[in-house]
Amino acid sequence: MQGCGNDYIYINGFEEKLSDLEKPGLVRRLSDRHFGIGGDGVIFINPAAEADFEMEMYNADGSRSEMCGNGIRCVGKFVYDKGLTDKKSISVVSAGKVKYLDLTVEESGQGGRGEVTQVRVNMGSPILKPGLIPVEAAGDRAVDEPILAGGRQYRMTCVSMGNPHAVIFAKDVAGMALEQLGPLFENHERFPNRTNTEFVEVLDRKNCFMRVWERGTGETFACGTGCCAVAVAGVLNGLTDNAVTVKLLGGELFIEWDREENLVYMTGPAVTVFEGSVR
C-alpha cells in the first residue's frame, strides 16, 4: 500500500504470527526492491488492548519506528477494506501512543460497503522540548537553531510527532543532493536516536514543497509525520499559516495545527497497490 508514494508492505498480524526476533531480518528481506517485494518498510497490523488496532512499524533496515503518518492512513484503509472493522472512526496505537482516524469511504455503487480513499488523522500534540524529541539543544525549544553539517551551517527547527524531525527551510530544494545531505543529519551527534530530516521550500503562506530523508530508509516520496512537523515549524518561524498544503514527490498532504487544542491533523490518500503471498 502507499500514501503519496510512501510505500510499505502490510502484514495481517491477526493471522500471521512471527516472533520479534524473526521480524528485523524478514523486514530487510521483504523491503529490498531488487531481491524482495520492495518498500520503505513493513507494518504489522495487530490486535490491541488500548485501541482498536496496533500498528507495529519497521523501517527498511529492520529498525523499529514509532510512527508513520502515511502508514497509519493505510492501516485505516486496510482494516476497513478487509472487514476487520465496520467503524469509520477508529483508534490505532503505535509505540504506546494512540491516534484517532476518520475514514472517508467511497461507496461501490453496487450496494457494497465501499472502500476507503482518504483518511484524516488526529496526530496528537507536537513535542517541542529538545530532551523529548530528542535533540541536543539549549533552551526549551530548538527553533531556527544553527547546526553544522558537512562543513556548512544550516538552520533547523526540531519537532517530534512521536518520532524525531529536523526541519530545514531552504531554497531550490528540488536541486538539493539529499543522498549526501541526508545521512549527515540522520547520524549527526546532536540526535541521540538519529532523525528524519525535511528540506522545505515555502511557496506561500498556505503551500510548501518538501523532500524528506527518513532515518533507516533514505529519501522517500512522502512522510506524513514529517509534513506535520513542517506545518508546526512553519508556524513557529512565522513562515506559514496554521493550515498548509505540503507538496511532496509523491503527492500532497493537507496539515492543520489547531493552536487552541494544540493538535495536528493530517488528511491524505491511502491506496492499495497489490496483494499476494511470500515464502
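Here are four short exercises, with worked solutions, on a predicted model.

**Exercise 1. Aromatic pairs**

Find out how many aromatic pairs the whole structure holds, and classify the pair of Phe14 and Phe53.

Solution.
- Step 1: A search of the whole structure gives four aromatic pairs.
- Step 2: The ring centres of Phe14 and Phe53 are 6.0 Å apart, and their planes meet at 70°. Rings pair if their centres lie within 6.5 Å, and planes over 60 degrees apart count as edge-to-face. The pair of Phe14 and Phe53 is therefore edge-to-face.
- Step 3: Now place the two residues. Phe14 is in the loop between strand E3 (9-12) and helix H1 (23-31), while Phe53 is in strand E5 (residues 53-59); the pair links distant parts of the chain, 39 residues apart.
- Step 4: Check the exposure of each residue. Phe14 has 35% relative accessibility and counts as partly exposed, whereas Phe53, at 4%, counts as buried.

**Exercise 2. A second pair and a cluster**

Work out how the rings of Phe185 and Phe199 are arranged, and which cluster they belong to.

Solution.
- Step 1: The centres of these two rings, Phe185 and Phe199, lie 5.8 Å apart with the planes at 80°, so this pair is edge-to-face.
- Step 2: Phe185 belongs to helix H3 (residues 178-186) and Phe199 to strand E13 (residues 196-204), so the pair ties together parts 14 residues apart in sequence.
- Step 3: Phe185 is buried, at a relative accessible area of 0%; Phe199 is buried, also with a value of 0%.
- Step 4: Ring pairs join Tyr154, Phe185 and Phe199 into a cluster.

**Exercise 3. Helix H2**

Compare the expected span of helix H2 with the distance between its end C-alpha atoms, then decide whether H2 is enclosed or not.

Solution.
- Step 1: H2 has 13 residues (69-81), and at 1.5 Å a residue it should span 18 Å. The expected span uses one less than the number of residues.
- Step 2: The end C-alpha atoms of H2 are 19 Å apart, which agrees.
- Step 3: Twelve of the 13 residues are buried, so H2 is largely enclosed by the rest of the structure. Among them are Ile72, Cys74, Phe78 and Tyr80.
- Step 4: Look just past the helix: H2 is followed by Gly83, which has a positive phi near 75°.

**Exercise 4. Charges over rings**

Locate the rings that lie beneath the charged ends of Arg64 and Arg113.

Solution.
- Step 1: The charged end of Arg64 sits over the ring of Tyr58, 5.1 Å from the ring centre.
- Step 2: For Arg113, the charged end sits over the ring of Tyr80, 4.1 Å from its centre.

Technical notes
Residues numbered from 1 in each chain as written. Predicted model: local features only at pLDDT ≥ 70, side-chain atom pairs only at ≥ 80, totals over all residues. Heavy atoms only, no water. Phe/Tyr/Trp six-rings, centres within 6.5 Å; stacked < 30°, edge-to-face > 60°. Helix = DSSP H or I, 4+ residues; strand = E, 2+ residues; numbered from the N terminus. Buried < 20%, exposed > 50% of the residue type's maximum accessible area, 1.4 Å probe, protein only. Lys NZ or Arg CZ within 6 Å of the ring centre and 35° of its normal.
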